Structures are given as structure tokens and as C-alpha cells.
Amino acid sequence: MTLSLANSIYSLNSVAMGDKKADLVLKNCNLLSVYTREIIPKIQIAIINDRIAYVGPDANHTIGPKTKVIDVKNKYVSPGFADPHLHIDQFVLPSEFAKKALLCGVTSLFSDPIDVVSVAGNKGFQEFLKLGENLPIRIFQVVPGGLPVDAKFSNSKSLTLSQEKIAVKHPHVLGLGEVFSWTKVTLREPKTMKSISSMLECDCIINGHTAGASEKKLNAYVSSGILSCHEPINFDQVLERLRLGMWIMIREGSIRRDLNEIIPRVLSHGTYLNRLMFCSDGLDPLDITKFGHIDHCIRESIRCGLEPIDAITIASKNNFDYYNMGKDLGGIAPGKLADILIFDDLKSFKPTKVFVGGKLVISNGRFVISIKKKPIPSWIKKTVKLKNFSKNDFLIKSKKKNVVANTIYMESEIITKIGSFELQTKDGHVSASPNSDVWKVAAFDRIHGTNRHSIGFLENFGADIGAFASTWSFHENDLIVIGSSDSDMAIATNHLIKNQGGLVVVKSGKILASLPLIFAGIVSTDSFEKVSSNFEKVNNVIVDSGCKFSRPHLIPLFLPFLALPSVRILSGGIVDVKKRCYIPPIN
Ligand SMILES: [Fe+2]
């Protein structure tokens, strides 16, 4: 796909004038005009190659013997939707995600492949870039801007400054992804500031993440050229950021859903809408199937009282204006790329037809083109660099009879606090206490092939299983294993080493459920349907066995995530996030 308007102006101009004939004409469109907030009836749209040449009452002068003419029969026609911030390096390959997103009318994805980079650095970024190309959806990338999360503890890979400079020369790499440790900006951390400066010099976009920042810190962050945030969880945070000239991506995805809190207040306050977008920040396979994607945001916003035309504008035009791509995308007008949706009504917002660059990709709500499978290099399927484990590898030694453990107490799947629990020792080793809901938890460096690991204790998990392990975690991607039984912890870990990544649940020596994630240990190469089914089984097995939380897969995902308080575990040790120090597993 080309984005060059420069190469298209002669043919577009010629078709508009009737001197050349269009490839495709859509007649009898009820056009949702995001430029004028109107629904204009009886519009005709002429398309040549991948762009729109004419929009108006009569396109007959653009029709020749080879022009395909479709009578839209007064159905609603809107520009394609965009998700301005998501991590598509999750669960399935971009080609599989694209199929689901397109069915929801999403024709552009702005991807921040932070976990691929954390596992495989620039080489992984370049590989992922290739996987997002030549698909029937537009995938734009940003260089992850948040790695390492905290250099004192984190061992994730990242791009060097010179690799970042080279990366943004690629036409589909737009700038820097969410700079989520905002203190790196307010403390003017040298690498972060150099990275931001070089992005600004190239006129690149920089996405923000300002959870918890306000007043002078927020001013310092915005003054550094970072103009968007998807973290506001209430209207006051939205307003504070809009007043400082920021753009807001209202998040409605698998990690958080903030739309219902924000949109009603946007309406009652009469807030200027042109700097609002909807984003998912990532969707798991069950959520995109159950709720949908950006179409869901439109439905929910309308239910909250937003006018359909405004919801469509937030879902389309505003995103491309933010990314400085408004001359190419965002609306249905001459010169724009022909990313067009057709709806039967303004209720379901499930398109019956989707055109991307003038090509029909969805018809009657079904995918009508085939996507060629891209080869996956073998090196990215070998990222779990660990040797086999035995139950003895999970022992915690102590000469005392009783010890007080510093536990990671799970308040939710994501929120932790530092707990303490008295545990007994047996034969010089401290045991978990499943009856008291005290588990062992371990983190292993599986990326660099070192022997670095840490073992501690976790409270308030509640499932009657032997072990739960995962190679996918924000944004360290250590192998994390939670267990009540040392031997089941070894079986779970060895399963993930043998299969080179994924999630697995073990009880009494048996694998109860597993989700293979062989691409960098974080993404499956299987079909969406297979991944969705395996993912559901993993969560259901844990929930059905009495887990205190409804989405247990999030527990290993967030356990090493240093951007959240209070206590996290990484292969280097257990970290008190606020005090920025390691704490011992037992006293
Ligand atoms: Fe994000």
C-alpha cells in the first residue's frame, strides 16, 4: 500500500474532471461527513486505484465501461475507524488480529510492539514491522518509548538511540510509543530526553502516558513535546490534559474501560471533541469477540448520548489529525485513501462492507480476501533460554524453624501490596502454605540465557492447582511461575521451555490447560479461534478451581510490571516499587 498522494494527483484530478474513468463508483450513499458533522443523502463517490477522486451528487462523468458501480441503496457510508494505541504483539499474529478488527470496521491500527522489543530488541521490532506489512489493514508502528521500565531493575531489551533514528525513517514507523515512566521526563533522564529530542527533530509523534502526573509535572511532560495520553480514568483528568493542549485517547480495552466514566461528563460539560479519540490499548481474544473493537466504543458513546456523527468523527478523523495524516486519511473526500465502511443503520455499527484502499475486504459481514501466511524466522521461536528444572530448583533455604515471609499480596489481578506471613521450615527449606493461600512465586530470566532468577511468596490467589506459569509479562517477559507444589512448578516451567513459550496450568503432575505462544514467547502462530479457545480454557481452569479473580492470566502478566505499585517480582529479585529497592523473600 502506498501513502503517496504526490504520485496520485494526476489520475485523481483526471477522474474528478471526467478525463479519466474511475475503477469504482459508489452510488446512493448516505454520507457521514466528518468534516461538516452532516449526514448527506444521495452522494456518489468515485475511486481510482486506492484513493477517492470525487465526492458529490453525480459521478456519472467518472464512469466508463470498466468502472464497477455499486448501488449502496441509501445505506450509511463512513470513513474507516482507527485504534490509535494498542499493543498487537499479544496473543495472535497481526494477520489474525486484522481479520477481527476489520469486521469491526477498524481499518487502521497504531501499534506499539513493546513486548516484542523487550524480548528481541531491534531485531524483533524489524521482524514485527514486516509482519504488519502488506495486510488488508493499515498497521502503523511506533518505537516503544517505555523501555526499560526502570533500568535499575529491568533487563528488557530496547532500541538504541541510533536504532530509533533509523527505525523512524521507515514510512510506517511514526515516532515514539507511550513514554510511560513519566518521571524519566520530569527528572530529565538523559537517554529519554535525547530520544524525545531526536523524535521532535524528525517531526515524529510521541505518545504519552501520564497516569498520576498533574500540575507542574504534567506541564514539564507536555512541554517536552508529548501531546497524547490514554491514561485518564475520569473527566477531570481529561480536562486538565486538554487544557494543556494534549490529545486524549479514551481507553476501552481489556486492561481498563474508561469510556462510560468519561463520555457523559464530556457531554454535560460541552467539551470540544476534536482532540478526543477511542483506543483499546490491547484486546484479548475473548473481549474482541464479545464486545468488539472501536465499533463498541461508538455504540457505547451513542448510548451515553453522543451524536452518531460525533462518535464516528472521534473514531476516524481525529486519530489521523493527531498523527498528522489528515491529508491522506480520516474522512471521505477527494484525495483521501478509500478506506470506507457501509452500514445498514446507525445502531449496530458492524459494517456490511469494508473497503481498504478501494479494495473490498469485507462483504455481507464476511472476510472476502485471503491473507498469505508470512514466514516466521526460527530464531524468534527460540526465546525461552532456560535449561530443564527439577523441584529442587524452587527451594528456599533457611536454618530457622519459622520465618516471616515478605509476600506479594494480590489485591486484584493487577494491584499488589506487601504482605507478611509466618511460614514453617522443613528439612532446612521454607514451604508454601496452600491451606493458608500462600504460594511460591518465581521469576526466571528466559531472554538472555543467564541463570538469574528469584523466588518468593504470593498471597491471595486461591486456586486449587499445583502451578500456573507464563512466559508473557509486562514488559520484562521473565518466565513467571506461581505454585503450591514445587514438582508441579518444575513441570509447568519445563512445559514452557519445551514449547518455547505460553501459559500453562498444572495440577498433580498433569497439564490441565495450555496456550502455546511460540513467537517470542508472547504471541501464538495459531489461528485466532484456536488461540481464543486455549486462552479461555486456561482462565476457566483456574477460575473453576477457586481462584479469587476472574481473569487470572493477568496475574503473571502484571507481576513484574514496574510501572505500578507496590511490590513486583523480576528475575533480579522482589522489588518495593515506591522505595525502589529489593526486599528479601524471608526475614
Ligand atoms: Fe499501552
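Where does D437 sit? D437 is in the loop between strand 21 (429-430) and strand 22 (438-444), and there's more on this residue further down. Keep in mind that this is a predicted model. The tour starts at an iron ion held by H85, H87, E178 and D281, moves on to an open sheet of five strands, and then takes in some helices, hairpin strands and backbone oddities.

**The iron site**

- Four residues coordinate the iron ion: H85 and H87, each through NE2, E178 through OE, and D281 through OD, at 2.1 to 2.2 Å.
- The angles between the four donor atoms run from 80 to 174°, so the arrangement counts as irregular.
- Along the sequence, the donor residues follow the spacing H-x1-H-x90-E-x102-D.
- Take H87 and D281 as a pair: they link distant parts of the chain, 194 residues apart. H87 is in the loop between strand 6 (81-86) and strand 7 (91-92), while D281 is in the loop between strand 14 (276-279) and helix 10 (285-290).
- Both of these loop residues are tucked away: H87 counts as buried at 7% relative accessibility, and D281 is buried with a relative accessible area of 8%.

**The five-stranded sheet**

- This open sheet has the strand order 6-8-9-10-11, with parallel pairing.
- Strand 6 and strand 11 (205-208) are the edges, each pairing on one side only.
- On average, neighbouring strands here are turned by 30° against each other, ignoring direction.
- Strand 6 pairs with strand 8 (residues 106-111) in the parallel sense, over four bridges. If you want a spot to look at, A82 stands opposite S108 in strand 8.
- Helix 2 (residues 94-103) packs on the sheet and touches strand 6, strand 8 and strand 9 (138-143). The direction of helix 2 makes about 135° with that of strand 8.
- Helix 6 (residues 190-201) packs on the sheet too, touching strand 10 (173-179) and strand 11. The direction of helix 6 makes about 150° with that of strand 10.

**Helices and what they bury**

- Helix 2 is mostly covered, with seven of its 10 residues buried. Those buried residues are P94, S95, E96, F97, A98, A101 and L102.
- After helix 2 comes G105, which has a positive phi near 85°.
- In helix 9 (residues 259-269), the buried residues are L259, I262, I263 and V266. They span an arc of only 95° around the axis, so they lie on the same side of helix 9.
- The cover over the buried residues of helix 9 includes helix 8 (235-243), strand 13 (247-251), strand 14 and helix 11 (294-303).
- Just after helix 9, G270 takes a positive phi of about 65°.
- N494 belongs to helix 14 (residues 486-498) and is buried, with a relative accessible area of 17%. Leaving out residues up to four places away in sequence, N494 touches N388 and F389.

**Antiparallel strands and a hairpin**

- Strand 15 (residues 340-343) and strand 16 (residues 353-356) run antiparallel, joined by three bridges. Within that pairing, K353 in strand 16 is the bridge partner of I342.
- Strand 16 also runs antiparallel to strand 17 (residues 359-363), this time with four bridges. Here V356 has K359 in strand 17 as its bridge partner.
- Strand 16 and strand 17 form a hairpin with two residues between them, and G357 in the turn has a positive phi of about 55°.

**Backbone oddities**

- For background, most residues other than glycine have a negative phi, and most peptide bonds are trans.
- D437 isn't a glycine, yet has a positive phi of about 65°. D437 is also buried, with a relative accessible area of 11%.
- R580 is another non-glycine with a positive phi, about 50°. R580 lies in the loop between strand 30 (573-576) and strand 31 (581-583), and at 39% relative accessibility counts as partly exposed.
- L147 and P148 are joined by a cis peptide bond, with omega about -10°. You'll find P148 in the loop between strand 9 and helix 4 (161-167).
- P565 and S566 are joined by a cis peptide bond as well, with omega about -5°. S566 lies in the loop between helix 16 (554-558) and strand 29 (567-570).

Terms used: Residues numbered from 1 in each chain as written. Predicted model: local features only at pLDDT ≥ 70, side-chain atom pairs only at ≥ 80, totals over all residues. Heavy atoms only, no water. Donors = N, O, S within 2.8 Å, 3.2 Å for Na, K, Ca; no water. Tetrahedral: all angles 85-135°; square planar, octahedral: opposite > 155°, others 65-115°. Buried < 20%, exposed > 50% of the residue type's maximum accessible area, 1.4 Å probe, protein only. Pairing = 2+ DSSP bridges. Axes fitted to C-alpha atoms, helices over the stretch in contact; angles between N-to-C directions. Contact = heavy atoms within 4.5 Å. Arc of directions from axis to C-beta.
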